[in-house]
Amino acid sequence: MVSQEHFEEYLAALDVNYALRKVVCILKPSKHIEHDVNTGKMKIKTVTTFKNFDMDFTLGQEFTEDLGPVDGRKCQTTVNWDGDKLICVQRGEKEGRGWTHWLEGNLLHLVSKQGLSWARKTALYTVYVLFCVWRTII
């Protein structure tokens, strides 16, 4: 990760306690994203020195996501493409929650939102690619 903004406000909107917010805000996570275009399966792994968070899912299929490492909640999650953006909608105790990923040059953008107030986290990651097809249209 190369930069972030409004992250502590985003965590506060999720009711993450003060001490954990302070620890999480100093972390510099890396993202590992795999997409099998034949099956629609994706894996997104967020790696930090504190905790790792894994998401395994099939695009367009709702699944139960355990957000225990983040804020102790579970929610119903659906991830889909909208043009060249990967959009996640999470339904559960905290309504209006989700995120959007997209590529611009060698930067992976992430905007996370919570609720109508749009408390949001914006993070930029430098993209290092061994082999990548962000999206293939057949």
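Modeller: Welcome! Rings of Phe, Tyr and Trp (its six-membered ring) pair if their centres lie within 6.5 Å; planes under 30 degrees apart count as stacked, over 60 as edge-to-face and the rest as tilted. This is a predicted model, where local features need pLDDT of at least 70, side-chain atom pairs count only at pLDDT 80 or more, and totals for chains, interfaces and linings use all residues. Residues are numbered from 1 along each chain as its sequence is written, and side-chain values use heavy atoms, leaving out hydrogens and water.

Biologist: How many aromatic pairs does a search of the whole structure find?

Modeller: One pair is phenylalanine 7 with tyrosine 10, stacked at 6.2 Å centre to centre with 15 degrees between the planes. Phenylalanine 57 and phenylalanine 63 have ring centres 5.6 Å apart and planes at 5 degrees, so they are stacked. The search of the whole structure gives 2 aromatic pairs.

Biologist: Is phenylalanine 57 buried or exposed?

Modeller: Buried means under 20% relative accessible area, exposed over 50%, and partly exposed in between (1.4 Å probe, protein chains only). Phenylalanine 57 has 4% relative accessibility, so the residue counts as buried.

Biologist: In which helix do phenylalanine 7 and tyrosine 10 lie?

Modeller: Helices here are DSSP runs (H or I, at least four residues), numbered from the N terminus. Phenylalanine 7 and tyrosine 10 are 3 residues apart, about one turn, and both belong to helix 1 (residues 7–13).

Biologist: Which ring does lysine 85 lie over?

Modeller: A charge sits over a ring if NZ of Lys or CZ of Arg is within 6 Å of the ring centre and within 35 degrees of the ring normal. At 4.6 Å from the ring centre, lysine 85 lies over the face of tryptophan 102.

Definitions and conventions. Helices (H or I, at least four residues) and strands (E, at least two) are DSSP runs, numbered from the N terminus.
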